[in-house]
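Subject: Structure handover

Hi,

Here is the structure for you to look over. My notes follow below it.

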Amino acid sequence: MRSAIFKPWLVLVLIFLAGLGTGILLTVGLGSHFRHLPGPQMMKRHWMAHLTARLNLTADQQTKIDPILTAATNQLQKLHHDEMGQASQIMASVNSQISALLTPDQQAKLQQLESERDREFSGHGHPWMHSDGPPSGAGDQGVQGGTQPATQGQ
């Protein structure tokens, strides 16, 4: 009688543990994949490799296509940087509007949340992100430790 009640709970616990383990493994294995975009040079290399493999490009064609891909990656970097700046401004505006509706204690907590978010993302900026725009001619990984635009406008 006792084992009849114990078995369903054991099965549920094992299913839970299996799900937990799978979640942890997927988070560890794939988490970094979704956090960072590749640097500009890496993006260009992958793009060129893809085109070369799929189109059987000759060395001459690759040489002629290279500056086209360089220009495209630079344009994409600038676009991304501009959008991140706009998103930062929106977040600062939203937080300012919300802060006006809060008590002093809640305002302090909101500031703490903003600081925590800034710390969390400070090491995860895209390699080419700078407050003055993307660097020109960055190396393979861009400039390590790039910074996100400021999000605290209060």
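One definition before the notes: helices are DSSP runs of H or I with at least four residues, numbered from the N terminus. By that count, Asn56 sits just after H2 and takes a positive phi of about 50 degrees. Please keep in mind that this is a predicted model.

**Overall fold**

The chain has four helices and zero strands. Read from the N terminus, the elements run α-α-α-α. Of the 154 residues in the chain, 19% are buried. The accessible surface comes to about 11200 Å², and carbon and sulfur atoms account for 64% of that surface. Take the contacts with a separation of 6 or more: 65% of them join residues 24 or more positions apart.

**Helix H2**

Start with the length. H2 has 16 residues, which at 1.5 Å a residue should span 22 Å. The end C-alpha atoms of H2 are 22 Å apart, so the expected and actual spans agree.

Which residues of H2 are buried? They are Pro40, Lys44, Met48 and Thr52. These residues cover an arc of only 95 degrees around the axis, so they lie on the same side of H2. The general rule behind such a pattern is simple. An α-helix has 3.6 residues a turn, so residues three or four places apart point the same way.

What covers the buried residues of H2? The cover includes H3. On the other side of H2, His46, Ala53 and Arg54 are exposed.

**The turn after H2**

Back to Asn56. This residue is in the loop between helix H2 (40-55) and helix H3 (59-99). Its phi is near 50 degrees, a positive value in a residue other than glycine. For context, most residues other than glycine have a negative phi. Is Asn56 buried or exposed? With a relative accessibility of 62%, Asn56 counts as exposed, because the cut-off for exposed is over 50%.

**Salt bridges**

How many salt bridges does the structure hold? There are three.

- Lys44 with Asp66: the closest N and O atoms are 3.2 Å apart. This pair links distant parts of the chain, with Lys44 in helix H2 and Asp66 in helix H3, 22 residues apart. Lys44 counts as buried at 12% relative accessibility. Asp66 counts as partly exposed at 31%.
- Lys64 with Asp60: the closest N and O atoms are 3.2 Å apart. Lys64 and Asp60 are four residues apart in helix H3, so about one helical turn separates them. Lys64 is exposed, at 55% relative accessibility. Asp60 is partly exposed, at 46%.
- Asp82 with Lys78: the closest N and O atoms are 2.9 Å apart. Both residues lie in helix H3, four residues apart, or about one turn of the helix. Asp82 is partly exposed, with a relative accessible area of 34%. Lys78 is also partly exposed, at 46% relative accessibility.

Lys44 deserves a second look. This lysine is one of the buried residues of H2, and Lys44 also forms the salt bridge with Asp66. Why does Lys44 count as buried? Its relative accessibility is 12%, and buried means under 20%, so Lys44 falls on the buried side of the cut-off.

Another residue of H3 can be placed against Lys44. Asn74 is found in helix H3. The C-alpha atoms of Asn74 and Lys44 are separated by 9.8 Å, with their positions 30 residues apart along the chain. Asn74 counts as partly exposed, at 39% relative accessibility.

**Nonpolar surface patch**

Which residues form the nonpolar patch on the surface? They are Phe6, Leu10, Val13, Leu14, Phe16, Leu17, Leu20, Ile24 and Val28. Together they have about 910 Å² of accessible area. One of them, Leu10, is found in helix H1 (residues 2-35). Leu10 is partly exposed, with a relative accessible area of 38%.

**To recap**

The chain has four helices. Lys44 in helix H2 and Asp66 in helix H3 are joined by a salt bridge. The buried residues of H2 are on the same side of that helix, and what covers them includes H3. A nonpolar patch on the surface includes Leu10.

Best regards

How values were computed. Residues numbered from 1 in each chain as written. Predicted model: local features only at pLDDT ≥ 70, side-chain atom pairs only at ≥ 80, totals over all residues. Heavy atoms only, no water. Patch = residues over 30% accessible without salt bridge, like charges linked within 9 Å, V, L, I, M, F, W, Y side chains within 5 Å. Areas by Shrake-Rupley, 256 points an atom, 1.4 Å probe, with all protein chains shown as cover. Salt bridge = Lys/Arg side-chain N within 4 Å of Asp/Glu carboxyl O. Helix = DSSP H or I, 4+ residues; strand = E, 2+ residues; numbered from the N terminus. Buried < 20%, exposed > 50% of the residue type's maximum accessible area, 1.4 Å probe, protein only. Contact = heavy atoms within 4.5 Å. Expected span 1.5 Å × (residues − 1). Arc of directions from axis to C-beta.
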